[in-house]
Each structure stands twice: as C-alpha cells, then as structure tokens.
Amino acid sequence: LYTYFPGQPKWAPTKRNLTYSFPPITRNDIRRPIANALGEWARVTLFTFRYIQDYNKADIKISFQVRDHGDGHPFDGPGGTLAHAYLPSDGRLHYDGDEKWVDGVVPGATDLQTVGLHELGHVLGLQHSTDPSSIMWPTIGPGFRKDLGQDDIRGIKALY
Ligand code: TQI
Ligand code: CA
Ligand code: ZN
C-alpha cells in the first residue's frame, strides 16, 4: 500500500502544469528517459510537464550531483544511494552522478527512467509503498526496469 509524507504535502491546486529543467551543462542523452518518466506520471494524473530552458524558474529542477553537494544530504559514490528528491513543492531531484546511468536494462548499470519514476513519485508527494510491485517500493536490483504499478496510480489519484 502507498503512503504519503507526514502532513501529506502536495502541489497546490493551482499548480498542475509543472515546468522542469536541467542545468545547462547536462548531457543530452539523459533527457529522453527522464521525459519518459514524466510522461508516465502525466498519463495517470492531471499534471502536465513542460520543459523550459531557465533552470532557476522551473518547478522541477533535475540535476546530477556527487558526494557533498551542499544540501546536507551528500551522495555516497558508486553504489548505495542512487538518487534523492524533495517533497512537494520543493521540486529538487538529484541523481548520484557517480552511478553508471543507462537508458534501459544493462547488467551492473542503473536505469534512469526507473529511478526517475520513483523520485518523481516523491516529488509529487508519494512516500514508499509496502507493495513490492510498486515503483515506490524502496528496493530494486541493478539492471532492472520497472514501471508504475496499480498501487502507485491509486496512491497519486487519492492524493490529488
Ligand atoms: N534513494 C532513496 C529513495 O529515493 C533516498 C531515501 C532514503 C529516501 N530514504 C528515504 C527518500 C525516505 C524519501 C524518503 O528512496 S535510493 C530506489 C529503488 C533509491 C532507491 O537511492 O535508495 C529507487 C532511489 F527503489 F530502486 F531501490 C530510487 Cl527506484
Ligand atoms: Ca551512490
Ligand atoms: Zn524513495
């Protein structure tokens, strides 16, 4: 079953068309799997996600960070933590730049889209689920791809 953060923080009713951006230096090949993850959430919610160039103006700020990156939650190098995201309506989503990121299923590497789906769940207000088939289930092996589950869809629809 899905859960929410304490106090059920969520995006305000006036915020349904969210913008997202990357810092200008971000590699181009990571944008497609992240856009796909956004598209999956858009399909099951009233949210739309639109890319804008201006990183500082975006609702959802997606970046790659390594080790201590100034937010009090340092990454841990290869392995361990893969990414983290802030709860609504902060909008920050950080990938650990020390992981081997790929678009798809590659042994020993981690799928950008799958982790993006999970982290975007946090960005939208979902906490972890007790359902192993949920994208919000807190563990997954490397080299796997996972999609939204029924539990995730029920959870997000019940929140908004
Ligand atoms: N990152 C953790 C996560 O997003 C960060 C975290 C730990 C966290 N405890 C938390 C976030 C409590 C919010 C609340 O869950 S992670 C997976 C999975 C991670 C793990 O790197 O462990 C995915 C990120 F499910 F695959 F194991 C994304 Cl998909
Ligand atoms: Ca790591
Ligand atoms: Zn999580």
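**Group meeting: one chain and its ligand**

Read along the sequence, this chain follows the pattern β-α-β-β-β-β-β-β-α-α. That makes three helices and seven strands. The model is a predicted one, so please keep that in mind throughout. On overall size, the radius of gyration is 15 Å, close to the 15 Å that the globule rule gives for 160 residues, so the chain is as compact as a globular protein of that length. If you draw a box along the principal axes, the C-alpha atoms fill roughly 35 × 35 × 30 Å.

Now the sheet. What is the order of its strands? Five strands form an open sheet, and the order is β2-β1-β3-β5-β4, with mixed pairing. At the edges sit β2, residues 48–51, and β4, each of which pairs on one side only. Neighbouring strands in this sheet are turned against each other by 20° on average, if direction is ignored.

Let me walk through the sheet from the β2 side. β1 and β2 pair in the parallel sense, over four bridges. Between these two strands in the sequence comes helix α1, residues 31–43, and β1, α1 and β2 together make a right-handed β-α-β unit. β1 covers residues 17–21, and two bridges join it to β3, residues 60–65, with the two strands running parallel.

Tyr20 is a useful residue to find on your screen. Its bridge partner in β2 is Tyr51, and its bridge partner in β3 is Ile60. Next, look at Ser21, which stands opposite Lys61 in β3. Lys61 in turn has a bridge partner in β5, namely Arg92. β3 and β5 pair in the parallel sense over five bridges. As a general point, side chains in a regular strand alternate between the two faces of the sheet.

Next, helix α2. Which strands does α2 lie across? The answer is β3, β4 and β5, the last being residues 92–96, and α2 runs at about 20° to β4.

That brings us to the ligand. Around ligand 1 we find Thr81, Leu82, Ala83, His84, Thr114, Val115, His118, Glu119, His122, Pro138, Thr139 and Ile140. Two elements give two or more residues to this shell: β4, residues 83–85, and α2, residues 112–124. Which element gives the most? It is α2, with five residues. Sorted by class, the shell has five nonpolar, six polar and one charged residues. So the helix that lies across β3, β4 and β5 is also the element that gives the most to the ligand shell.

Two backbone details remain. The first concerns the loop between β4 and β5, where Ser89 lies. The peptide bond from Pro88 to Ser89 is cis, with omega near -5°. The second is in the segment before β1, where you will find Gln8. Phi of Gln8 is near 50°, which is a positive value in a residue other than glycine.

To recap, there is an open sheet of five strands with mixed pairing, a right-handed unit made by β1, α1 and β2, and a ligand shell to which α2 gives five residues. That is the end of my part.

Methods:
Residues numbered from 1 in each chain as written. Chains lettered and ligands numbered in written order. Predicted model: local features only at pLDDT ≥ 70, side-chain atom pairs only at ≥ 80, totals over all residues. Near = placed C-beta within 6 Å. Nonpolar A, V, L, I, M, F, W, Y, C, P; charged D, E, K, R; others polar. Pairing = 2+ DSSP bridges. Axes fitted to C-alpha atoms, helices over the stretch in contact; angles between N-to-C directions. Contact = placed C-beta atoms within 7 Å. Right-handed = clockwise from strand over helix to strand, strands pointing away. Rg over C-alpha atoms; globule rule 2.2 N^0.38 Å.
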